[in-house]
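Subject: Handing over a structure, with notes

Dear colleague,

I am passing the structure below on to you, together with some notes that you can read alongside it. Please keep the model open while you read, and look up each residue as it is named.

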Amino acid sequence: MDMSAPSSNSGALEYEVHMTDIRNDPGLPENYSEQLKKLLINLRINTDIAGFCEISSEILDNFILHSEEQYGLIAFQYFLQKQKLSLCFGDCGIGFRNSLSKNPSYKYLLDKPSAYSISEAIKEEITRFQQQRGSGLAMLIEYVLENKGELFITSENGYFTIDANGKPQLGDKKYNLPGVQIEFRIPENV
């Protein structure tokens with residue numbers, strides 16, 4: 001996992017992109033978070049570095065616990081002109097509906113639309129496991145709202161978004177994507 005190679009579209013830095021193939025490994029969240037922290041410090045990005053890294057770690061923890069997929073992709077982007085940070089994640093795992101339905105309490109989700117499964121997954125304490133868990137996506141939403149950011153979550157043909165004004169939207173897409181895809185963007189200085 002090497003995050004050291006920057007990208008830009010010209011000689012002058014306009015944006016920075018770091019894409020990383022990831023493997024389902026219990027040490028991944030901590031390792032990635034540590035590398036992301038170093039990158040944010042090296043780029044001198046003015047943001048809550050600990051909070052940004054904690055949320056990225058939570059997304060990766062969910063990948064490990066729920067996707068049932070060995071590989072995924074995560075990308076960090078920094079847009080200098082817009083002063084925005086973006087973290088994108090994607091896997092081709094089983095998605096929210098199939099993951100949650102492994103808990104007998106949420107078996108009914110197999111008969112519901114993908115968007116409905118996303119709306120359940122983002123609630124506090126909703127999880128495929130029997131023990132108390134299920135706060136990661138709720139933490140992500142809270143973080144995005146507190147930082148006046150934007151959020152995009154997709155799974156199968158369902159989506160959930162929060163725009164820059166904090167307005168949520170839930171719906172269906174015309175196409176199907178396997179697994180889960182998450183992107184959040186926040187302004188650099190809030």
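The notes below go through the strands, the aromatic rings, the largest pocket and a few backbone angles.

Before anything else, please bear in mind that this is a predicted model, in which local features need pLDDT of at least 70 and side-chain atom pairs count only at pLDDT 80 or more, while totals for chains, interfaces and linings use all residues. Residues are numbered from 1 along each chain as its sequence is written, and side-chain values use heavy atoms, with hydrogens and water left out.

The strands

Helices and strands are DSSP runs numbered from the N terminus, where a helix is H or I with at least four residues and a strand is E with at least two. Two strands are said to pair if DSSP finds at least two bridges between them. Strand 2 and strand 3 run antiparallel and are joined by 8 bridges, and they form a hairpin with 4 residues between them, where Gln 83 in the turn has a positive phi of about 50 degrees. One of the bridges can be found at Phe 79, whose partner in strand 3 is Lys 84.

Strand 3 is also joined to strand 5, by 7 bridges, and this pair too is antiparallel. If you would like to trace it, Phe 89 has Ile 182 as its bridge partner in strand 5, and Gly 90 has Gln 181. Of the 8 residues of strand 3, 6 are buried, so this strand is largely enclosed by the rest of the structure; here buried means under 20% relative accessible area, exposed means over 50%, and partly exposed lies in between, with a 1.4 Å probe and protein chains only. Leu 87, which is found in strand 3, is buried with a relative accessible area of 2%, and its C-alpha atom is separated by 8.0 Å from that of Ile 182, although the two residues are 95 residues apart along the chain.

Strand 4 (residues 150–162) and strand 5 run antiparallel and are joined by 12 bridges. Gly 158, in strand 4, is buried with a relative accessible area of 0%, and its bridge partner in strand 5 is Asp 172. The C-alpha atoms of Gly 158 and Asp 172 are separated by 4.5 Å, with 14 residues along the chain from one to the other. The hairpin of strand 4 and strand 5 has 5 residues between the strands, and in it Gly 166 takes a positive phi near 85 degrees.

The aromatic rings

How many aromatic pairs does a search of the whole structure find? There are 5, where rings of Phe, Tyr and Trp (its six-membered ring) pair if their centres lie within 6.5 Å, and planes under 30 degrees apart count as stacked, over 60 as edge-to-face and the rest as tilted. The rings of Phe 52 and Phe 76 have centres 6.0 Å apart and planes at 85 degrees, so this pair is edge-to-face. Because Phe 52 lies in helix 2 and Phe 76 in strand 2 (residues 71–79), the pair ties together parts that are 24 residues apart in sequence. Both Phe 52 and Phe 76 are buried, and together with Tyr 143 and Phe 184 they form one aromatic cluster.

The largest pocket

A pocket is an open set of points on a 1 Å grid over the protein atoms alone, with protein on both sides within 12 Å along at least five of seven lines, and its lining residues have an atom within 4 Å of a point. The largest pocket holds about 370 Å³ of space, a volume being the space filled by probe spheres (1.4 Å) set on the points. Its lining has 26 residues, of which Asn 62, His 66, Phe 96, Ser 99 and Leu 137 lie nearest the centre. Helix 2 gives the most to this lining, with 7 residues.

Two backbone angles

Most residues other than glycine have a negative phi. Arg 44, however, has a positive phi of about 55 degrees; it lies in the loop between helix 1 (28–42) and helix 2, and is exposed, with a relative accessible area of 73%. Lys 148 likewise has a positive phi of about 55 degrees, is found in the loop between helix 5 and strand 4, and is exposed at 56%.

With best wishes
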